Amino acid sequence: GFDRENLYFEVDKPTDKLRFLIEYIKKNPESSGIVYCLTRKTVESVCEKLNKEGIKATRYHAGLSDSERAVNQEEFIYDRVKIIVATNSFGMGIDKSDIRFVIHYNMPKTMENYYQEAGRAGRDGERADCILMFSAADTVMNRLLIENSGAGTDRTNDYKKLQEMVDYCNTDSCLRRYILSYFGELYVSEKCDNCGNCTNDIECT
């Protein structure tokens, strides 16, 4: 099933995403985590700024050489670097069970992408955070990516999936229920007590 009880889900809308990210990492200095960004340019910028803040981070995206990607991935897997900033090209086949957080710096295009990437956290069964930072600019960026996608793509379906992702980011209801409902699973409880909406004094409905 899709319900992994050890994963804590949260959506935040910080006015300063970088400051939010830096503060989170500094509060969890021993934790290993992935920061997902929508574009290579954002990966480069965020990784550089984290290092300037004294947070040792590496990067991963398809614009790097095969050798650099392999080295950076290994640095992360073997805990020589705690933080990796990456596009969605990172993660397939990664055998690292103790990832304590996955933070999405930008909203992914679909719930499928989001849950696959977030699900790389906490594979050891211990608590892990899945935090998505949302801004209106993320929606604009994703729409541009859809508009510029190649011929033969189903843009109508892509826009529908994007809207479902936006709805997730804006719901006041239990985030776990939203995710499970999206994937066709019933969550019997009204509140999960392990998502940002259910622990934030917001009545989940």
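**Exercise 1.** Is R69 buried or exposed, and what is its relative accessible area?

*Solution.* The model is predicted, so local features require pLDDT of at least 70 and side-chain atom pairs pLDDT 80 or more, whereas totals for chains, interfaces and linings use all residues. Residues are numbered from 1 along each chain as its sequence is written, and side-chain values use heavy atoms, with hydrogens and water left out.

Step 1. Take the cut-offs: buried means under 20% relative accessible area, exposed over 50%, and partly exposed in between (1.4 Å probe, protein chains only).

Step 2. The relative accessible area of R69 is 18%, so R69 is buried.

**Exercise 2.** Locate R69 in the secondary structure and list its contacts.

*Solution.* Step 1. R69 belongs to helix α3, which covers residues 66–77. Helices are DSSP runs of H or I with at least four residues, strands are runs of E with at least two, and both are numbered from the N terminus.

Step 2. With neighbours within four places in sequence set aside, R69 is in contact (heavy atoms within 4.5 Å) with Y60, H61, A62 and L64.

Step 3. The side chains of R69 and D66 share a polar contact of 2.5 Å. A polar contact is a pair of N or O atoms within 3.5 Å; within protein, one must be able to donate a hydrogen and the other to accept it, and residues adjacent in sequence count only if both atoms are side-chain atoms.

**Exercise 3.** Describe the charge environment of E117.

*Solution.* Step 1. E117 sits in helix α4, residues 111–118.

Step 2. E117 is buried but has no salt bridge. A salt bridge needs a side-chain nitrogen of Lys or Arg within 4 Å of a carboxyl oxygen of Asp or Glu.

Step 3. R120 is the nearest side chain of opposite charge, 5.2 Å away from E117. Here Lys and Arg count as positive and Asp and Glu as negative, while His and the chain ends are not counted.

Step 4. The side chain of E117 does make a polar contact of 2.7 Å with that of H104. Beyond its neighbours within four places in sequence, the contacts of E117 include Y36, N88 and V102.

**Exercise 4.** Summarise the fold of the chain and explain how compact it is.

*Solution.* Step 1. Along the sequence the pattern is β-α-β-α-β-α-β-β-α-β-α-α-α.

Step 2. The radius of gyration is 17 Å, close to the 17 Å from the globule rule for 205 residues, so the chain is as compact as a globular protein of that length. The radius is taken over C-alpha atoms, and the rule is 2.2 Å times the number of residues to the power 0.38.

Step 3. Of the 205 residues, 48% are buried.
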